[in-house]
Amino acid sequence: RTAIVIDYLINPVRYLVPCFLFYDGCHTRENLVWALAAIVAMYFLLALQVVKYMGLNLSMSGEALTGRAAKTISATTGYNRVDMSMMLAGASWAFAAFAALFERKVYRRSLWAAAAFVVLAQAMTGGRTGYVTWGLIGLTLCLLRWRKALPFIPIGAVCVVLLLPGVRQRMLEGFGGRQGSFIEQTDSSEITAGRTNIWPYVIEKIMQRPLIGYGRLGMVRTGLADWAKAELQDDFAHPHNAYLELLLDDGVVGFFLVMPLFWMLLRRSASLFIDRRDKIFEAAGGVALALLLALCFAAMGAQTFYPRESVVGMWAAVGVMLRTYVQRERSFVLGTPLFDEDELESEEGLVWVATQPPPAQYPYSPLG
């Protein structure tokens, strides 16, 4: 009972605390920038641990990469390799958004180099869902604002594949091809790592109780997890899809209470990200948007919408984003400066551009 209370009641609330702390503490531009710096620094340190303990073995095969990542990353960092892949997929683009605050090229290029290093670490996790997530995040951000950076997505992917052949093998597992005189058929189960095998049975359970679901850990409570372990050799008590998990546990009622929250956060992050009047908007909105998209895209193959340790950085970024959004709306409605400071000077290459156009020129409604 103690473990259940801690794991499923206390910890989910505890993981949200940084969001409230960052929201309450970022009343000045300086605090907001330091908060963003702390968030991206945390992800860089995690990437550094992955590279350090995995080792840059250029001859490692795809199977060896997966096996080593499953054992090493969890034992050395405390995070599952699938979770780490999702986290770093968003973190690399968060670095690119944070770099927008800096005018000096040396600082910007340093952050871009850090973003490339995070991409390398993410590739070493062997998480194929994370690979796809990284590409989808980049595509979304580039279509919203960074259109000139679109060609760098395939270039970055090609560089990683050439540097780490094991990543290429991991990405192509299950796809058909020719091996000498033999032709291999495409195996959809291998491509999805068997995730799709359990989905029909989960959907069947959802249809049996669609309104309010079965409660937390619906896979366990219904006996579906034990059945999947015995019949499908699936050892995870999870539907391998966060959207299906939400429907199974909480039904349609819970689903339509939770998903609008994420939709609202995505919209407000995007509205900041595309606002060109102040670089702080691009940075705060871009960091939060990248990490939110990482969870939403990766949720198609794993993850969960219940707060846990892998999304602490994301919720911290959401707190910073919401504070920036509130300050922007307040500045528009009241006609006051964006932050309390009347004048801020550039410091260490950071560019503060705080302009307050007349309300008639403001392109967004106060409600976002």
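In which helix does Tyr8 lie? Tyr8 belongs to helix α1, which covers residues 2-14, and I begin there because Tyr8, at 35% relative accessibility, counts as partly exposed. Please keep in mind throughout that what we are looking at is a predicted model. Together with Ile4, Leu217 and Val220, Tyr8 forms a nonpolar patch on the surface, and the accessible area of these four residues together is about 340 Å².

Let me now turn from the surface to the interior. The largest nonpolar core has 91 residues, and the ones with the most contacts inside it are Leu36, Phe98, Leu141 and Phe305. The element that gives the most to this core is helix α15, residues 279-298, with 15 residues. If you would like one residue to follow on the screen, take Phe98, which, once residues up to four places away in sequence are set aside, touches Val33, Leu36, Ala37, Val40, Leu111, Ala283 and Val287. There is also a second, separate core of ten residues, and among its members are Ile198, Val202, Met219 and Ala228.

My last topic is charge. Side chains of opposite charge can pair when their charged atoms come close. In this model the count of salt bridges comes to seven, and I will go through three examples.

In one of them Asp278 pairs with Arg29, with the closest N and O atoms 3.2 Å apart. Asp278 sits in the loop between α14 (242-273) and α15, whereas Arg29 is in helix α3 (residues 29-54), so this pair ties together parts that are 249 residues apart in sequence. Are these two partners buried or exposed? Asp278 has a relative accessible area of 3% and is therefore buried, since the cut-off for that is under 20%, and Arg29, also with a relative accessible area of 3%, is buried by that cut-off too.

Another salt bridge joins Arg277 to Asp275, the closest N and O atoms being 3.1 Å apart, and here again Arg277 is buried, as is Asp275. Finally, the side chains of Arg328 and Glu329 meet in a salt bridge at 3.2 Å, N to O. Arg328 is buried, with a relative accessible area of 2%, and Glu329, at 8% relative accessibility, counts as buried. What joins Asp275, Arg277, Arg328 and Glu329 into one network? The links are salt bridges that share partners, and I would suggest looking at these four residues together when you turn to the structure.

Technical notes: Residues are numbered from 1 along each chain as its sequence is written. This is a predicted model: local features need pLDDT of at least 70, side-chain atom pairs count only at pLDDT 80 or more; totals for chains, interfaces and linings use all residues. Side-chain values use heavy atoms; hydrogens and water are left out. A nonpolar core is a set of buried Ala, Val, Leu, Ile, Met, Phe, Trp, Tyr and Cys residues joined through side-chain atoms within 4.5 Å. Buried means under 20% relative accessible area, exposed over 50%, partly exposed in between (1.4 Å probe, protein chains only). Helices (H or I, at least four residues) and strands (E, at least two) are DSSP runs, numbered from the N terminus. Contact means heavy atoms within 4.5 Å. Patches are made of residues with over 30% relative accessible area and no salt bridge: like charges are joined within 9 Å, nonpolar side chains (Val, Leu, Ile, Met, Phe, Trp, Tyr) within 5 Å. Accessible areas come from the Shrake-Rupley method with a 1.4 Å probe; for residues, only the protein chains shown count as cover.
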